[in-house]
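Hi,

Here is the structure I promised to pass on. Have a look at it first, and then read on for what I found.

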Amino acid sequence: MIYGRCMGKDEAKALKREGALEDTNGQMIPTFGFTNKVYQILTQMSGDATRRFFRGIGVRNPDEVVIFETDAMPAVGPIPQRNGLYEYKFNPGTPVLIRDRLRI
């Protein structure tokens, strides 16, 4: 399955460098299922609309959406979100393969 994670610049750089989901607090990392429908929705939004979209579910510093694949199974999910996405949570250190990045 393909997943996405909205994140700030520093986290995106670390993900690219490490190739794994990381959280400095040792917490599970929230992601969302990334389908063709989700891609269409996000690419049709303005940057401000995309930031509001992700702030509505608690993303603090939305700067880009990283789209990735992993062979790992999520520890939690799917959890329906108010904005229509389905949340999945992974353990820190989960290896990922980055497929694309959408700048906000």
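Let me start with a ring in the core: Phe68 has a relative accessibility of 0%, so it counts as buried. Bear in mind that this is a predicted model. Phe90 is likewise buried, and its relative accessible area is 0%.

Those two rings also pair up. The centres of Phe68 and Phe90 are 6.4 Å apart and their planes stand at 70°, so this is an edge-to-face pair. Phe68 belongs to strand E3 (residues 64-69) and Phe90 to strand E5 (residues 86-90), so the contact ties together parts that lie 22 residues apart in sequence.

On to the sheet. It is open, has six strands and runs in the order E4-E5-E2-E1-E3-E6, with antiparallel pairing. The edges are taken by E4 (76-80) and E6 (97-103); each has a single partner strand, so one side of each has no neighbour in the sheet. From one strand to the next, the twist averages 30°. If you want to check one pairing by eye, take E1 (residues 2-7) and E2 (residues 29-33), which are antiparallel and joined over two bridges. Gly4 has Phe32 in E2 as its bridge partner.

Phe32 turns up again among the aromatics: together with Phe34, Tyr39, Phe53 and Phe54 it forms one aromatic cluster. The structure holds eight aromatic pairs. One of them joins Phe34 and Tyr39, with ring centres 6.2 Å apart and planes at 70°, so that pair is edge-to-face. Are the two partners buried or exposed? Phe34 counts as buried, because its relative accessibility is 12% and the cut-off for buried is under 20%. Tyr39, at a relative accessible area of 37%, is partly exposed.

Two other members of the cluster, Phe53 and Phe54, bring us to helix H3 (residues 47-55), whose buried residues are Thr50, Phe53 and Phe54. Around the helix axis these residues span an arc of only 90°, so they sit on the same side of H3. And what covers them? The cover includes strands E1, E2 and E3 as well as helix H2 (36-44).

If you only have a minute, I would look at two places: the Phe68 and Phe90 pair, which links E3 with E5, and the buried side of H3, with Phe53 and Phe54 in the aromatic cluster.

Cheers

Notes:
Residues are numbered from 1 along each chain as its sequence is written. This is a predicted model: local features need pLDDT of at least 70, side-chain atom pairs count only at pLDDT 80 or more; totals for chains, interfaces and linings use all residues. Side-chain values use heavy atoms; hydrogens and water are left out. Two strands pair if DSSP finds at least two bridges between them. Helices (H or I, at least four residues) and strands (E, at least two) are DSSP runs, numbered from the N terminus. Axes are lines fitted to C-alpha atoms, for helices over the stretch in contact, and angles run from 0 to 180 degrees between N-to-C directions. Rings of Phe, Tyr and Trp (its six-membered ring) pair if their centres lie within 6.5 Å; planes under 30 degrees apart count as stacked, over 60 as edge-to-face and the rest as tilted. Buried means under 20% relative accessible area, exposed over 50%, partly exposed in between (1.4 Å probe, protein chains only). The arc is that of the directions from the helix axis to the C-beta atoms. Contact means heavy atoms within 4.5 Å.
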